[in-house]
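Here are a few exercises to work through with the model open beside you. Try each task before you read its solution.

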Amino acid sequence: MSTLFARVFRQAWATFEHTGAGDAKFASNLNALRRLVDQLTLADIGLEPSLVATETFQQPTKAPCTYVGVFENDRFAMSVFVLRENYTMPLHDHPQMHGLLRVVSGAVQICSYSEIARRDTVEPRAEGGTLRRHVLVVAEPEKIISSAAGDCAVLTPTERNFHEITAIGGPAAFFDILSPPYNTASQPQYYFYRKVPVPRHLAEMEPLGFGGPDKPSAQEDERPRYVLETIPNPEHYYCDTVHYATPEFMYQQAEGGGGGGGRGGV
């Protein structure tokens, strides 16, 4: 475990104590956190290289994804995901979240989307309704990020918070920080999606003035548009879990920092 990771943890604690998007202090703290996360390695987090070894994923009973729960409280969560070569973590959302994603071994391709508008309907079922959500999105430029220093992906409550992630050139591991975490009273459930092409003339879902004063108008924005439709959890997506040995500095911060207790492991 490195002193750098301790600094990342303490900076995350300070950053997500208050998360006002228009708050200059929050923006400054988030930038400081990103600069630290940009430097992280697998060894800094205290994980073994065997976790990402090709041989590990050749075992017949091995899941295509490994999950390591590093820390979670009511403000933020830290975790590591390890993906088999060429495996794609299905398209999913991060509702109203800030997030940082740092590849700590290998490389991944990230396809991200930003929401324009959505429509929710409830389909009647024998035992309650089922939500069917359609989200009009714009596709952000595809991004390949690797474990090279200074290569971190960022999502916000309104930008790049729908994405799918593919390990390329071998297994890959990425560390992420999400705020607020899933499974809190204030945090909506996450969903998986499939992507459906949408003609440009389907403007009835697109609000007038989309883009804002500093962004291209709907007519000027040439980024591809899609409709994302909710789907059941894909059968191919399941994870093995690996226990994480919680470092002492996390216990000390959780006990002395207030704002809810932390927990490591899975």
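**Exercise 1: Aromatic pairs**

The whole structure, a predicted model, turns up 18 aromatic pairs in a search. Task: classify the pair formed by Phe 9 and Phe 71 from the distance of the ring centres and the angle of the planes.

Solution. Start with the general idea: a pair of aromatic rings is described by the distance of the centres and the angle of the planes.

- Step 1: the ring centres of Phe 9 and Phe 71 are 4.8 Å apart, and a pair needs centres within 6.5 Å.
- Step 2: their planes meet at 85°, and over 60 degrees counts as edge-to-face, so Phe 9 and Phe 71 form an edge-to-face pair.
- Step 3: place the two rings in the chain. Phe 9 sits in helix α1 and Phe 71 in strand β1, 62 residues apart, so the pair links distant parts of the chain.
- Step 4: check burial, where the cut-off is under 20% relative accessible area. Phe 9 comes out at 0% and is buried; Phe 71, at 3%, is buried too.

Now do the same for Trp 13 and Phe 76: how far apart are the ring centres, and at what angle are the planes? The centres are 6.2 Å apart and the planes are at 85°, so this pair is edge-to-face. Trp 13 belongs to helix α1, while Phe 76 is in the loop between β1 and β2, 63 residues away. Trp 13 is buried at 4%, and Phe 76 is buried at 0%.

Which residues form one aromatic cluster with these rings? The cluster is made of Phe 5, Phe 9, Trp 13, Phe 16, Phe 26, Phe 71, Phe 76, Phe 175 and Phe 249.

**Exercise 2: The nonpolar core**

Task: find the members of the largest nonpolar core that touch the most other members, then say which element gives the largest share.

Solution. In soluble globular proteins, nonpolar side chains tend to be buried together.

- Step 1: the largest core has 36 residues, and Phe 5, Val 8, Met 78 and Ile 177 touch the most other members.
- Step 2: two or more residues each come from α1 (3-15), α2 (24-37), α3 (42-45), β1 (65-72), β2 (77-83), β4 (98-123), β8 (162-179) and α4 (248-257).
- Step 3: α1 gives the largest share, seven residues.
- Step 4: zoom in on Met 78. Leaving out neighbours within four places in sequence, its contacts include Phe 5, Val 8, Phe 9 and Ala 12, plus Gly 69, Val 70 and Phe 71, and also Ile 177 and Met 250.
- Step 5: look for another core apart from this one. It has 15 residues, including Cys 65, Tyr 87, Ala 153 and Ala 167.

As a wider check, 49% of the 266 residues of the chain count as buried. Among contacts with a separation of 6 or more, 79% are between residues 24 or more positions apart.

**Exercise 3: Backbone oddities**

Task: look up the geometry of the peptide bond between Ser 179 and Pro 180, and the phi values of Asn 86 and Arg 160.

Solution. Keep the background in mind: most residues other than glycine have a negative phi, and most peptide bonds are trans.

- Step 1: the bond joining Ser 179 and Pro 180 is cis, with omega about -5°. Pro 180 is in the loop between β8 and β9 (192-197).
- Step 2: Asn 86 has a positive phi, near 70°, and is not a glycine. Its place is the loop between β2 and β3 (88-93), and at 57% relative accessibility Asn 86 is exposed.
- Step 3: Arg 160 also isn't a glycine, yet its phi is positive, about 60°. Arg 160 lies in the loop between β7 (152-155) and β8 and is partly exposed at 25%.

**Exercise 4: Following one arginine**

Task: describe the setting of Arg 118, including its side-chain polar contact with Glu 115.

Solution.

- Step 1: Arg 118 lies in strand β4 and is partly exposed, at 35% relative accessibility.
- Step 2: its side chain makes a polar contact of 2.7 Å with that of Glu 115.
- Step 3: Val 227 is 109 residues from Arg 118 in sequence, but the C-alpha to C-alpha distance is 8.9 Å.

Key: Residues are numbered from 1 along each chain as its sequence is written. This is a predicted model: local features need pLDDT of at least 70, side-chain atom pairs count only at pLDDT 80 or more; totals for chains, interfaces and linings use all residues. Side-chain values use heavy atoms; hydrogens and water are left out. A nonpolar core is a set of buried Ala, Val, Leu, Ile, Met, Phe, Trp, Tyr and Cys residues joined through side-chain atoms within 4.5 Å. Buried means under 20% relative accessible area, exposed over 50%, partly exposed in between (1.4 Å probe, protein chains only). Helices (H or I, at least four residues) and strands (E, at least two) are DSSP runs, numbered from the N terminus. Contact means heavy atoms within 4.5 Å. Rings of Phe, Tyr and Trp (its six-membered ring) pair if their centres lie within 6.5 Å; planes under 30 degrees apart count as stacked, over 60 as edge-to-face and the rest as tilted. A polar contact is a pair of N or O atoms within 3.5 Å; within protein, one must be able to donate a hydrogen and the other to accept it, and residues adjacent in sequence count only if both atoms are side-chain atoms.
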